[in-house]
Amino acid sequence: MKRVTFNDGNSIPMVGFGVFTIPAGEETYNATLNAIKAGYRHIDTAAAYFNEADVGCAVRDSGVARADLVMTSKHRQQGNGYEADTQGIET
């Protein structure tokens, strides 16, 4: 599969399998496992999808080494500023 190389030399497959609209549970597990078996090596996910455990189980059960897979994710921005990180910490 064709890859894109970043300025730092790292690369990822240009095409990834996204799990955004797949309901958590068996559907996500089966879809992700089948995608890996079909040759996908880039899985696009996020904690906000609430199916990350099923993605992880499929990765584990796929038989493909974790080092051969690229996982991309998104991080929520709400509540992640400097003030949120330092609340309750005395300096």
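Student: Where is Asn 51 found?

Tutor: Asn 51 sits in the loop between S4 and H2. Helices here are DSSP runs of H or I with at least four residues, strands are runs of E with at least two, and both are numbered from the N terminus. Before we go on, a word on the source: this is a predicted model, in which local features need pLDDT of at least 70 and side-chain atom pairs count only at pLDDT 80 or more, while totals for chains, interfaces and linings use all residues. Residues are numbered from 1 along each chain as its sequence is written, and side-chain values use heavy atoms, with hydrogens and water left out.

Student: Why does Asn 51 count as buried?

Tutor: Buried means under 20% relative accessible area, exposed means over 50%, and partly exposed is in between, with a 1.4 Å probe and protein chains only. Asn 51 has 0% relative accessibility, so Asn 51 is buried.

Student: What is Asn 51 in contact with, leaving aside its neighbours within four places in sequence?

Tutor: Contact means heavy atoms within 4.5 Å. By that rule Asn 51 touches Val 19, Ile 22, Ala 24, Thr 28 and Thr 45.

Student: And Phe 50: does it count as buried or exposed, and why?

Tutor: Phe 50 is also found in the loop between S4 and H2, but its relative accessibility is 67%, so Phe 50 counts as exposed.

Student: What makes the phi of Phe 50 worth a look?

Tutor: Its phi is near 60 degrees, a positive value in a residue other than glycine. Most residues other than glycine have a negative phi. Glycines with positive phi appear here too: Gly 39, just after H1, has a phi of about 115 degrees, and Gly 63, which follows H2, has one near 85 degrees.

Student: How do you know that the span of helix H1 agrees with its number of residues?

Tutor: The expected span is 1.5 Å times one less than the number of residues. H1 (residues 26–37) has twelve residues, so it should span 16 Å, and its end C-alpha atoms are indeed 16 Å apart.

Student: Which residues of H1 are buried, and how do you know which side they are on?

Tutor: They are Thr 28, Thr 32, Leu 33, Ala 35 and Ile 36. These residues cover an arc of only 160 degrees around the axis, so they are on the same side of H1. The arc is that of the directions from the helix axis to the C-beta atoms. The face turned away from that buried side carries the exposed Glu 26, Glu 27 and Lys 37. What covers the buried residues of H1 includes S3, S4 and helix H2 (52–61).

Student: What makes the buried residues of H2 line one face?

Tutor: The buried residues of H2 are Asp 54, Val 55, Ala 58 and Val 59. Seen down the axis, they fall within an arc of 140 degrees, so they line one face of H2. An α-helix has 3.6 residues a turn, so residues three or four places apart point the same way. On the other side of H2, Ala 53 and Arg 60 are exposed. The cover over the buried residues of H2 includes H1, S4 and S5.

Student: Why is the pair of Asp 44 and Lys 74 called a salt bridge?

Tutor: A salt bridge needs a side-chain nitrogen of Lys or Arg within 4 Å of a carboxyl oxygen of Asp or Glu. The closest N and O atoms of Asp 44 and Lys 74 are 2.7 Å apart, which fits. Asp 44 lies in strand S4 (residues 42–44) and Lys 74 in the loop between strand S5 (70–72) and helix H3 (82–86), so the pair ties together parts that are 30 residues apart in sequence. At a relative accessible area of 25%, Asp 44 is partly exposed, and so is Lys 74, at 40%.

Student: How many salt bridges does a search of the whole structure find?

Tutor: Two. Asp 61 also forms one with Arg 60, where the closest N and O atoms are 2.9 Å apart. Asp 61 is partly exposed at 37%, whereas Arg 60 is exposed at 58%.
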